[in-house]
Amino acid sequence: GMEGEIASATVQGGILQRMWDVGGVLAEKANAGHTAEVKALIKGRGAGRLSEIDPAEYPALLAEAERL
């Protein structure tokens with residue numbers, strides 16, 4: 001019922017928030033001249049763009065991006 005929907009929306013919201021966080025870091029790195037590396041990080045996970053990456057991958061992706 002409603003509780004399930006709210007719980008689901010909260011999970012989605014959390015994932016969306018993390019995607020924004022990761023996207024922000026990746027954008028910063030790209031702006032700093034690491035565009036090719038950022039694209040390689042995303043492609044390396046078999047995705048064409050950030051939204052196609054499994055949210056479970058975000059922490060690792062973020063850690064890799066921070067090292068650029």
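In which helix is L61 found? Select L61 and you will land in helix α2. Keep in mind on this tour that the model is predicted.

**Stop one: the long view of α1**

Select residues 2–43, which make up helix α1. Put a distance between the C-alpha atoms at its two ends: for 42 residues they are only 38 Å apart, whereas a straight helix would reach 62 Å at 1.5 Å a residue. Where does α1 bend? Center on H34, where the helix turns by about 135 degrees.

Now color the buried residues of α1: V22, V25, L26, K29, V38, L41 and I42. Part of what covers them is α2, residues 58–66, so bring that helix into view next.

**Stop two: one face of α2**

Show the side chains of Y58, L61 and A65, which are buried in α2. Turn the view until you look down the axis of α2: these buried residues fall within an arc of 65 degrees, so they line one face of the helix. A general point fits here: an α-helix has 3.6 residues a turn, so residues three or four places apart point the same way. And what does that buried set in α2 pack against? Its partner is α1.

**Stop three: where the helices meet**

Display both helices together. Their axes are 9 Å apart and the packing angle is about 35 degrees. The crossing of α1 past α2 is left-handed.

For the contact itself, make two selections. From α1, take I15, R18, M19, V22, V25, L26, K29 and L41. From α2, take Y58, L61, L62, E64, A65 and E66, the residues that the α1 group meets. V22, V25, L26, K29 and L41 should look familiar, as they are among the buried residues of α1.

**Stop four: back to L61**

Is L61 buried or exposed? With 0% relative accessibility, L61 counts as buried. Show its surroundings, leaving out neighbours within four places in sequence, and you will find contacts with V22, L26, L41, R45, L50 and I53. Try a distance to one of these, L26: the two C-alpha atoms are separated by 9.3 Å, though the residues are 35 apart along the chain.

**Stop five: one step on, L62**

Move to L62, also in helix α2. Here the relative accessibility is 26%, so L62 counts as partly exposed. Which residues does L62 touch, leaving aside neighbours within four places in sequence? Select V22 and V25 to see them. Between L62 and V22 the C-alpha separation is 6.0 Å, across 40 residues of chain.

**Stop six: two more places in α1**

Pick K43, which lies in helix α1. At 61% relative accessibility, K43 counts as exposed. Draw a line from K43 to G23: they are 20 residues apart in sequence, and their C-alpha atoms are 14 Å apart in space.

Finish at I6, another residue in helix α1. I6 is partly exposed, with a relative accessible area of 46%. To link this last stop with the start of the tour, draw the C-alpha distance from I6 to L61: 28 Å in space, for residues 55 apart in sequence.

Technical notes
Residues numbered from 1 in each chain as written. Predicted model: local features only at pLDDT ≥ 70, side-chain atom pairs only at ≥ 80, totals over all residues. Heavy atoms only, no water. Helix = DSSP H or I, 4+ residues; strand = E, 2+ residues; numbered from the N terminus. Expected span 1.5 Å × (residues − 1). Bend = angle between axes of the 7 residues up to and from the residue. Buried < 20%, exposed > 50% of the residue type's maximum accessible area, 1.4 Å probe, protein only. Contact = heavy atoms within 4.5 Å. Arc of directions from axis to C-beta. Axes fitted to C-alpha atoms, helices over the stretch in contact; angles between N-to-C directions. Left-handed = near helix turned anticlockwise from the far one by under 90°.
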